[in-house]
Amino acid sequence: MALSMHRDQQMDSSKYVRYTPEQVEALERVYTECPKPSSLRRQQLIRECPILSNIEPKQIKVWFQNRRCREKQRKEASRLQTVNRKLGAMNKLLMEENDRLQKQVSHLVYENGYMRTQLHTASTTTTDTSCESVVVSGQQQQNPTPQHPQRDANSPAGLLAIAEETLAEFLSKATGTAVDWVQMIGMKPGPDSIGIVAVSRNCSGVAARACGLVSLEPTKVAEILKDRPSWFRDCRCLDVLSVIPTGNGGTIELIYMQTYAPTTLASARDFWTLRYTTTLEDGSLVICERSLTSSTGGPAGPPTTCFVRADMLPSGYLIRPCDGGGSIINIVDHIDLNPWSVPEVLRPLYESSRILAQKMTMASLRHIRQIAQETSGEIQYTGGRQPAVLRTFSQRLCRGFNDAVNGFLDDGWSILDSDGVEDITIAINSNPGKFIGSQYSNSLSMLPTFGGVLCAKASMLLQDVPPALLVRFLREHRSEWADYGIDAYSAASLKASPYAVPCARPGGFSGTQVILPLAHTVEHEEFLEVVRLEGHAFSPEDMALSRDMYLLQLCSGLDENAAGACAQLVFAPIDESCADDAPLLPSGFRVIPLDPKSDKPSANRTLDLASTLEGVPGGARPPGEADLNNYNLRSVLTIAFQFTFENHFRDNVAVMARQYVRSVVGSVQRVAMAISPSRMNSHLGPKLPGSPEALTLSRWICRSYRSHIGADLFLLDSQEGNAVLKQLWNHSDAILCCSVKTNISPVFTFGNQAGLDMLETTLVALQDIMLDKVLDEAGRKILLSEFSKIMQQGFAYLPAGICVSSMGRPISYDQAIAWKVLSDDDSSHCLAFMFVNWSFV
């Protein structure tokens, strides 16, 4: 009986409750504030709302559960509808692409049959007609060069005729078979992909095409694409010199555009074009563009000074509205960069359609997708920065670096005389307002001693070095090439009274770098970050270098599988506040591939520089790292560093800058040789650091371990002179040594191979890592409590814990043993740590 009554009570409390509109409104208000209220909050709700007094707390709990479930279902339904629209639009693109390919196949079959007939006729009728002439004739028929009569330069009708011809030729490339398109490797269509990307084959100039889907309306897409300087990083300026409305509601614009040269070894390009914007009968929006030349007709363009005139063949954008919102975009970029005007070694840079696809075609599509996701709120940035501000930072860094590399005369740059060696170019600019672009430039120019900005730049050819791998190494291992004193001078020179000009010191990086991410693009092809350089004074004269410094850094092109992608690392000193209008004086590196990727296999490689420079074997590649079997044979590296100077210190700064860039070039060459696939493959077996100091230190480590703990660290299996070092180096547990100095944080000085693998660093870069940066909070507290015991007793056992590598990855270990390493005279030399059974978490 009691059991049945209890069941009836359960049924009464959980039965369906019909809520009144007033009750639903009250619950919805609470749900808006707190979708998952606690038991106390539900009881408080019943007390505060009399209209809910007849409802049990359990029933209110069920209402909130159902409400959250409905919200989740609604979001999932909305997501599936969005994905379905994307798949439908992508399916439409694929059907169009399939139709285009079928037409191309039919055209090729017809040409093949025609050529067979011509060859058969030639072989049966004459004997002196070569097959080569027939092939060449067929190629000429496939890509005829249209000839246009001269038009009246001042006639709108003549310009409209050019515009209509441009529109027809553009559409034949975007949706037809006017160009033989070949899909780029890795560009797979899908709801989350950038789209379908193809490059030209056997056509004049270089061309690339992309088809993609974005969630913006056509008019917004057109507005973004017309603003070319906002997404095309090589665009220096774009001036609309004339706007002519057409009778069909469109517009004709006469445009003069200048683009930067990617390296110091070539001249910049400029374009004189006609841009036609119109709407097709099906509602599609078209923006097409072509160069105006003597063959096409039209007005003559501005004269070129310090630029090489390049030609834009019919190119543009076809923007179609998509069912359910959004747009389908067809992009065609087709240009002739006049490659014969550059040195022969650089011509692949101007003859590569894949490089054009990466720098222009895909860049425009990525920029639109980025803005679309920012508008929809899909991307959230840390630090409260607006997306437009972060994009402006990236644009200013790229523009400042390009200005430094090109050194245009109309920006105020002039070349200083060399010191007899032509490897480094020194340019000065006494007009900072041309490129700094902030209120800071006015305050600088008012200083009586301010002289301007000096740039030291150089370019060199690299062999067998993947650009992405080189730039990643330069980003992650700044100590391999940077000088902390030069960084400190660059940071201080942005203030009113910089200190004295330093001298470049080899290996003078006395701090630790910490990379703080700010933002990244949708496909993670570009990173904006703040780098904190933590300074540490090791002597009284270095006290000025002990403060932290900050760099705003832009890194791009780290995907080793992106064909034709340029890898770049650009940075500029900033203050801690990093204001939106902070002055930027960018410096950095740019590596551009010159040759297509090779299919030759190569052995597994590692980022361990010391293993090659000092003969130390590298560790295993981390899981998930891209396969580097396909690497670029040649690439061109451009380096540019900028410094401010005072009038009376100009020559001193020039000498310092020249020496520093030469040291950076030497460091980069060492790094390039170390990570070169051919160099890596030449090492048939691991070698050990063979310096006498390493042999002595290994003997001290093992002897001190046996003396303090009463057991051998390992049993010697050989009587060779380097047997101790060899076994210590190959020990399975991570063994690391750090300095012991009062009032200075312990810094690592030596590690075996397992120790370097654990910290994901090299022997050289190891000396920039501090012990307290590796241990977590619990580990630091335990070490602090046991430190006196270690110094008095000589050793201590530390419990299992967590530490982090130099790349920020967490590492677990079962136990750590710390002991004091004594020298031959029994004085304390360093501390040794052995992390037992470590592994990445």
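In the predicted model, Arg236 lies over the face of Phe408, at 4.0 Å from the ring centre. The ring of Phe408 also takes part in an aromatic pair with Tyr260, in which the centres are 6.0 Å apart and the planes meet at 35 degrees, a tilted arrangement. This pair connects distant parts of the chain, 148 residues apart. Tyr260 belongs to the loop between strand 5 (251-259) and strand 6 (268-279), and Phe408 to the loop between helix 10 (387-406) and strand 12 (413-415). Tyr260 has a relative accessibility of 4% and, because the limit for burial is under 20%, counts as buried. Phe408 is likewise buried, with a relative accessible area of 6%.

The count of aromatic pairs in the model comes to 17. A pair of rings is described by two quantities, the distance of the centres and the angle of the planes. One aromatic cluster is formed by Trp481, Phe571, Phe589, Phe641 and Tyr660. Within this group, Phe571 also has a charged neighbour: the charged end of Arg478 sits over the Phe571 ring, 4.7 Å from its centre.

A further part of the model contains an open sheet of five strands, arranged in the order 22-21-27-26-23 with antiparallel pairing. Its edges are strand 22 (748-751) and strand 23 (795-798), each of which pairs on one side only. From one strand to the next, the twist averages 20 degrees. In sheets generally, strands pair through backbone hydrogen bonds, in either a parallel or an antiparallel manner. Strand 21 (residues 734-738) runs antiparallel to strand 22 and is joined to strand 22 by three bridges. Cys737 has Phe750 of strand 22 as its bridge partner.

Two helices lie across strands of this sheet. Helix 17 (residues 692-709) lies across strand 21, strand 22, strand 23, strand 26 (815-822) and strand 27 (828-836). The direction of helix 17 is at about 110 degrees to strand 26. Helix 22 (residues 777-793) lies across strand 23, strand 26 and strand 27, and runs at about 150 degrees to strand 23.

Helix 17 is also linked to a loop of the sheet by a salt bridge between the side chains of Arg699 and Asp824, with an N to O distance of 3.4 Å. Arg699 is in helix 17 and Asp824 is in the loop between strand 26 and strand 27, so the contact ties together parts that are 125 residues apart in sequence. Both partners are partly exposed: Arg699 has a relative accessibility of 38%, and Asp824 has a relative accessible area of 47%.

Ser805 is found in the loop between strand 24 (801-804) and strand 25 (810-813). With a relative accessible area of 6%, Ser805 is buried. When neighbours within four places in sequence are left aside, the residues in contact with Ser805 are Met758, Leu759, Glu760, Ile811 and Phe840. Phe840, one of these contacts, counts as partly exposed at 31% relative accessibility.

The count of salt bridges in the model comes to 24. Among them, Arg29 pairs with Glu25, the closest N and O atoms being 3.6 Å apart. Both residues lie in helix 2 (residues 21-33) and are four residues apart, about one turn of the helix. Arg29 is partly exposed at 48% relative accessibility, as is Glu25 at 49%.

Helix 2 also contributes Glu28 to a salt bridge with Arg67 of helix 4 (residues 57-125), a pair that links parts of the chain 39 residues apart. The closest N and O atoms of Arg67 and Glu28 are 2.9 Å apart. The two partners fall in separate accessibility classes: Arg67 is buried, with a relative accessible area of 14%, whereas Glu28 counts as partly exposed at 24%. Because the boundary of the buried class lies at 20%, Arg67 at 14% falls below the boundary and Glu28 at 24% falls above.

How values were computed. Residues numbered from 1 in each chain as written. Predicted model: local features only at pLDDT ≥ 70, side-chain atom pairs only at ≥ 80, totals over all residues. Heavy atoms only, no water. Pairing = 2+ DSSP bridges. Axes fitted to C-alpha atoms, helices over the stretch in contact; angles between N-to-C directions. Contact = heavy atoms within 4.5 Å. Phe/Tyr/Trp six-rings, centres within 6.5 Å; stacked < 30°, edge-to-face > 60°. Buried < 20%, exposed > 50% of the residue type's maximum accessible area, 1.4 Å probe, protein only. Lys NZ or Arg CZ within 6 Å of the ring centre and 35° of its normal. Salt bridge = Lys/Arg side-chain N within 4 Å of Asp/Glu carboxyl O.
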